[in-house]
Amino acid sequence: MLYILRGTLFPLYDQDSDILIVKPANPQLFVTELSKAIANISMGYRVLYNEKRHLIQVYKGSAHGDIWMYQETRNLGVQTLTLYDYTNAVPNIEYSWIFPARTMKWQGLQIRVAAQSDLIAQALFGDDYMTPRWHRIQCLENLATNKIAVYRMAGYVLLLVLANWIAISIKKIAGRNKRRLDVIARNTASFLVATGPMQLIQRLSGSKSAGNITLPVPTDMNDQEYLLSHDSL
């Protein structure tokens with residue numbers, strides 16, 4: 001619908017189609033009849049029915065089309081089409097937005113679209129729905145299909161590897177810096193204990209620290225006598 005409203009071709013990365021229908025009374029019978037009809041048109045198609053998601057998918061190779069079956073309900077007295085699915089940003093659409101369908105000309109063809117297709121596109125994709133977005137991968141499935149050019153896929157892989165390399169490098173540098181600071185702190189503390197006046201050392205030993213540098217406390221008389229004699233020198 002977006003490409004029809006914009007009057008543009010389908011992009012290489014997004015060639016699947018999404019069709020909305022009112023859920024039939026017997027979905028399984030509908031799927032059976034659809035499979036027969038498609039088989040008469042062309043070979044190699046597969047039709048799958050996901051009952052929990054109210055979704056019919058038609059496959060041929062890596063391409064596929066989705067047929068979403070909306071349940072007709074009434075919401076606050078308004079006739080509504082409803083579909084709850086994790087991919088659906090707007091689960092409730094007014095019936096009058098869809099039907100009666102209208103016709104638009106697209107690439108020389110007459111295409112049936114929703115009655116209020118602009119309102120639906122605005123609700124689903126925001127006020128800027130007429131602006132194409134090229135800055136992100138639209139579907140994860142594109143990673144496993146041929147919908148992305150080789151050079152673009154190579155660029156994505158390169159960026160992923162580069163980002164991980166930068167993150168690992170930063171982590172290693174931070175670890176080395178921490179070890180260096182610990183060594184400097186220990187060496188500084190040892191130097192102060194070995195060269196500082198006895199009175200200062202005893203005063204600092206009472207609080208166990210000098211700023212952020214922890215000082216070892218002499219634990220026997222021999223250590224204190226050594227420090228005292230060293231200080232007298």
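Reader: What makes E7 and E8 a pair of strands?
Author: In this predicted model, strand E7 (residues 102-106) and strand E8 (residues 109-113) are joined antiparallel by 5 bridges. Pairing takes at least two bridges, so E7 and E8, with 5 bridges, count as paired. Met104 sits opposite Ile111 in E8. The hairpin of these strands has 2 residues between them, and Gln107 has a positive phi near 50° there.

Reader: How do you know that E2 and E3 pair too?
Author: Apply that cut-off again. At least two bridges are needed, and strand E2 (residues 46-50) shares 5 bridges with strand E3 (residues 55-60), so they pair, in the antiparallel sense. Arg46 has Tyr59 in E3 as its bridge partner. In this hairpin, with 4 residues between the strands, the positive phi, near 55°, belongs to His54.

Reader: Why is Thr82 called buried?
Author: Buried means under 20% relative accessible area. Thr82 comes in at 12%, so Thr82 counts as buried. You'll find Thr82 in strand E5 (residues 78-82).

Reader: What makes the link between Thr82 and Thr73 a polar contact?
Author: The limit is 3.5 Å between N or O atoms, and the side chains of Thr82 and Thr73 are joined at 3.0 Å, so the distance fits. Leaving aside neighbours within four places in sequence, Thr82 also has Tyr70, Gln71, Pro91 and Asn92 among its contacts.

Reader: Which residues make up the largest nonpolar core?
Author: There are 10 residues in all, including Leu55, Trp68, Tyr70, Ile93 and Ile120. Beyond its neighbours within four places in sequence, Ile93 is in contact with Tyr70, Thr80, Leu81, Ile98 and Ile120.

Conventions
Residues are numbered from 1 along each chain as its sequence is written. This is a predicted model: local features need pLDDT of at least 70, side-chain atom pairs count only at pLDDT 80 or more; totals for chains, interfaces and linings use all residues. Side-chain values use heavy atoms; hydrogens and water are left out. A nonpolar core is a set of buried Ala, Val, Leu, Ile, Met, Phe, Trp, Tyr and Cys residues joined through side-chain atoms within 4.5 Å. Buried means under 20% relative accessible area, exposed over 50%, partly exposed in between (1.4 Å probe, protein chains only). Contact means heavy atoms within 4.5 Å. A polar contact is a pair of N or O atoms within 3.5 Å; within protein, one must be able to donate a hydrogen and the other to accept it, and residues adjacent in sequence count only if both atoms are side-chain atoms.
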